[in-house]
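Visitor: I have a structure to look through and would like some help with it. Can we start with the charged pairs?

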Amino acid sequence: MEQKAAAKAKAPKRSQFSGMSKALVRRETISAYLFLLPSLFFFVGFVVVPMFICLIYSFFNMGLDSTSTTFAGLSNYVRMFQDPVFIRGFWNTVLIVVVSVPAVTAFSLWVSSAIYQMKPAVRSFFRCVFYLPVVTGSVAVTVVWKWMFNPYNGLLNQMFNTVGFDWLGNTKTAIWCIIMILFTTSIGQPIVLYVAALGNVDQSLVEAAQVDGATKLQVFWKIKWPQIMPTTLYILIITTINSFQCFALIQLLTSGGPSNSTSTIMYYIFYMVYRYNDFGYANAMGVVLAIIIAIFSAIQFKVTKTDN
Amino acid sequence: MNSAKSKLAGTPTGYKIFAVVILILLAIFFIFPLYWIITGSFKDAITINARTPQWFPLSPTMENYVKLFKQPAMVWLLNTVIMAVGAMVLTCLTASLAGYALAKKRFYGRGILFSIIICAMALPKQVIVIPLLQEMNVISLSNTLWAVILPTVGWPFGVFLMKQFSETIPTEILEAARVDGAGELRTFFSVVFPMIKPGVGALAIFTFVNCWNDYFLQLIMLTSRTSWTLPLGIARLQGEMSNDFGLIMAGATLAAIPIVAVFLAFQKYFTQGIAMGAVKG
C-alpha cells in the first residue's frame with residue numbers, strides 16, 4: 001500500500017507538464033497563481049507570518065512595550081524546564097491527551113459501526129445528536145456544565161444526594177470533569193467520518209468473507225478495519241491536536257485550579273500573556289507545544305502504518 | 001465495551017437490542033445539556049436556586065431575557081453574525097478559486113505549495129493566536145472583527161476541501177469550455193463553480209459554525225465590551241455574576257440557537273463536507 005502511494009506521488013511529477021509547450025506551461029502557471037493569489041494573501045499574512053513571529057519572538061524578552069525588547073537566546077526555553085507550573089501543565093496536558101484520544105477513537109468507532117447500517121433517517125438523527133455539543137459551542141456547553149457541577153444548585157449533586165461536594169474545586173475530580181466534557185465535545189466529527197468510511201467499505205469483500213463463513217467480528221477486523229485505517233489515522237491526529245489545545249473548558253470551569261491541577265500548556269500560555277504580558281515566554285511555550293504535537297502525530301503515523 | 005461485543009456476537013439480535021438501548025441512553029446524555037440550557041433560561045431565580053431540580057419550567061418567565069438585553073447582547077449578536085458571515089463569504093470565495101487551481105492547473109511549485117498547506121493544517125491553530133495578536137497590534141486591527149475574520153479565512157482547510165471537490169470535475173468539460181473560447185474567469189464562474197456548489201455549501205456551513213464558536217481567537221482579539229461576540233459576552237457574564245445561572249443560560253440560548261438551527265437546516269451538506277475533507281488516503 002505504501003509503495004502504491006509512493007508511486008502515485010511520483011507519477012504526476014514526471015508527467016505533469018508532458019504534452020505542454022513552454023508557452024502553455026507559462027500561461028498556465030500565471031493563471032494558476034492569479035487564482036491562488038487571494039487565498040495565498042490570507043494564508044501567508046495570517047498563518048505563515050505569525051508562525052515565524054512565534055518562532056523568532058520566542059528568542060526575545062518582550063512585553064507590551066516594544067522598546068524594552070532584548071535578545072534572550074535560549075533562556076525562555078531553559079526557563080520552561082525550571083518552571084513547576086509549566087511542568088505541571090505539561091503532565092496535565094499529556095494526561096488529557098492520553099485518556100481522551102483513545103477513548104474518543106474507540107467510542108466513536110463503536111457508535112459508528114452500530115449506526116451506519118440503520119435507516120438513513122435514524123442514522124442522521126444519531127449523527128446529529130452526537131454532533132450537537134460541537135455545534136452548541138464550547139462556551140455554552142461549558143457554562144451549563146458549570147451549573148450542573150455547582151456544589152449547591154447543581155443537578156449532579158442533587159441527583160446523587162451529595163449536595164455540597166465541589167467537583168471542580170477538588171484536585172482529584174476537577175481534571176476528570178474536564179476530560180468528560182471534552183469527550184462530549186470531541187466525538188461528533190469522528191462519528192461523521194467513521195460513518196462515511198464504513199459506508200465506503202467494499203461490500204463485495206464483505207460478502208465474499210461472509211460466504212466463506214467469517215464471523216461478524218472477523219469481518220470487522222480482517223476486512224473493514226484495514227479499509228478504514230486512513231480514517232482512523234486522520235481521527236487520531238485531529239483528536240490529538242484538539243485535545244492538546246483544550247482551552248475554553250479549563251478557563252471557564254476552573255481557571256487552571258485548584259492549585260494548578262487542571263492547568264495545561266495552552267492555558268498557561270494564555271495566562272502568561274494576560275497576567276504578565278510575557279509574550280517571549282508565551283511564544284516559546286507555543287513553539288514547544290507545536291513540537292510536542294508534531295511528535296505525537298508522527299508516532300501515530302508510524303504506528304498505524306506498520307500495523308498493516 | 002469490546003468484551004460485551006464479543007460475548008454477544010453470537011446472538012446478533014441480543015447485541016442489537018443492547019446497542020440500541022445504549023445509543024438511546026447516550027443520545028439523552030448528549031441532548032440534555034442543550035435542553036438544560038434552554039429550559040434553564042426560562043426559570044426564575046427561586047427555581048434555579050432550589051435544592052431540588054425542576055425538570056421542566058412549570059412557571060416560565062422572561063425575566064432572564066429582560067436582564068440579558070440590559071447588557072449589550074444585541075450588539076454581541078450582531079458582531080457574531082457579521083464576523084461569521086464575513087469569514088464565511090471570504091473563505092468560500094478564496095478557497096474555491098485556490099482549490100480549483102490546485103486541482104486542475106499544472107504549474108511550477110504546485111507540489112511544494114500543496115505540501116505546505118497540508119503541513120500547516122497539522123499545526124495547532126491556537127499556537128499562532130498570540131503572535132497574531134502582536135501582528136494585529138502592529139497593523140492596528142486588534143479589537144476589530146477583522147482580527148478574527150482574516151486568520152479564519154487564512155486557515156488552509158478550506159483550500160484543501162475545495163481541492164478535493166474540484167478534482168471530481170472532468171477535465172474534458174474544462175477543455176470544451178476553452179475550445180468554445182471561454183476565458184479563465186468565465187470558465188470558473190459558469191462551469192467550475194456550479195459543479196462544486198455542494199462543496200462550497202459544506203465549506204460555508206463549516207466555516208460559519210467554526211468561526212461562531214472559535215472562543216480562543218475571539219477572546220484574544222476582541223477586548224472592549226462593544227466589540228465582543230456572544231460567546232465572549234456569556235463567558236464574561238459568567239465571570240461577573242457567576243451565580244445568576246438564569247441570565248447565563250439565557251445568553252447561552254441566544255448564542256446556541258441560531259447556530260444549532262443553521263446546522264440542523266444544512267446538516268446534510270455539513271456531514272458530507274467533513275467526510276470529504278478527510279478522504280485523502
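Guide: Yes. This is a predicted model. B:Glu167 forms a salt bridge with B:Lys163, and their closest N and O atoms are 3.5 Å or less apart, at 2.7 Å.

Visitor: Is B:Lys163 buried or exposed?

Guide: B:Lys163 counts as buried, at 8% relative accessibility. Its partner B:Glu167 counts as partly exposed, at 37%.

Visitor: Which residue does B:Arg225 form a salt bridge with?

Guide: B:Arg225 pairs with B:Glu240, with the closest N and O atoms 3.2 Å apart. B:Arg225 lies in the loop between α13 and α14 of chain B and B:Glu240 in helix α14, so the pair ties together parts that are 15 residues apart in sequence. B:Arg225 is partly exposed, with a relative accessible area of 32%, and B:Glu240 is partly exposed too, with 45%.

Visitor: How many salt bridges are there over all chains?

Guide: The count comes to eight over all chains. Three of them are found across the interface of chain A and chain B.

Visitor: Give me one of those.

Guide: B:Glu184 forms a salt bridge with A:Arg27, the closest N and O atoms being 3.9 Å apart. B:Glu184 lies in helix α11 of chain B and A:Arg27 in helix α2 of chain A, so the pair joins two chains. B:Glu184 has a relative accessible area of 25% and is partly exposed; A:Arg27 has 46% and is also partly exposed.

Visitor: And what does B:Lys105 form a salt bridge with?

Guide: With A:Glu28, at 3.5 Å between the closest N and O atoms. Salt bridges that share partners join A:Arg27, A:Glu28, B:Lys105, B:Arg178 and B:Glu184 into one network.

Visitor: OK, the interface itself. How many residues of each chain are in contact?

Guide: In chain A, 91 residues are in contact with 101 residues of chain B. The two chains bury about 8600 Å² between them, and 76% of that is on carbon and sulfur atoms. A:Phe35, A:Trp110 and A:Trp147 supply 11% of the area that chain A buries against chain B, more than any other three residues.

Visitor: Which helix gives the largest share of chain A's side?

Guide: Helix α2 (residues 22-57) of chain A, with 23 residues. Across this interface there are also 10 residue pairs in polar contact.

Visitor: Now the nonpolar core. Which residues touch the most other members?

Guide: In the largest core, which has 195 residues, they are A:Phe130, B:Tyr215 and B:Met221. Helix α15 (residues 245-278) of chain B gives the largest share, 14 residues. Domain 1 (2-65) and domain 2 (70-278) of chain B both give residues to this core, so it lies between them.

Visitor: What does B:Tyr215 touch?

Guide: Its contacts include A:Phe247, A:Leu252, B:Pro231 and B:Leu232.

Visitor: Different topic. Where is A:Gly280 found?

Guide: A:Gly280 is in helix α15 (residues 279-307) of chain A. At 0% relative accessibility, A:Gly280 counts as buried. A:Gly280 and A:Asn61 are 219 residues apart in sequence, yet 5.1 Å apart in space, C-alpha to C-alpha. A:Gly280 also touches A:Tyr57 and A:Asn76, among others.

Visitor: Last one. How many residues of helix α8 of chain A are buried?

Guide: Nine of its 11 residues are buried, so to speak mostly covered. Among them are A:Ile175, A:Cys177 and A:Phe183.

Key. Residues are numbered from 1 along each chain as its sequence is written. Chains are lettered from A and ligands numbered from 1 in the order in which they are written. This is a predicted model: local features need pLDDT of at least 70, side-chain atom pairs count only at pLDDT 80 or more; totals for chains, interfaces and linings use all residues. Side-chain values use heavy atoms; hydrogens and water are left out. A nonpolar core is a set of buried Ala, Val, Leu, Ile, Met, Phe, Trp, Tyr and Cys residues joined through side-chain atoms within 4.5 Å. Buried means under 20% relative accessible area, exposed over 50%, partly exposed in between (1.4 Å probe, protein chains only). Helices (H or I, at least four residues) and strands (E, at least two) are DSSP runs, numbered from the N terminus. Domain bounds come from an automatic or database domain assignment. Contact means heavy atoms within 4.5 Å. Buried area is the accessible area (1.4 Å probe) that two parts lose on being put together, summed over both. A salt bridge is a side-chain nitrogen of Lys or Arg within 4 Å of a carboxyl oxygen of Asp or Glu. A polar contact is a pair of N or O atoms within 3.5 Å; within protein, one must be able to donate a hydrogen and the other to accept it, and residues adjacent in sequence count only if both atoms are side-chain atoms. Lists of a residue's contacts leave out its neighbours within four places in sequence.
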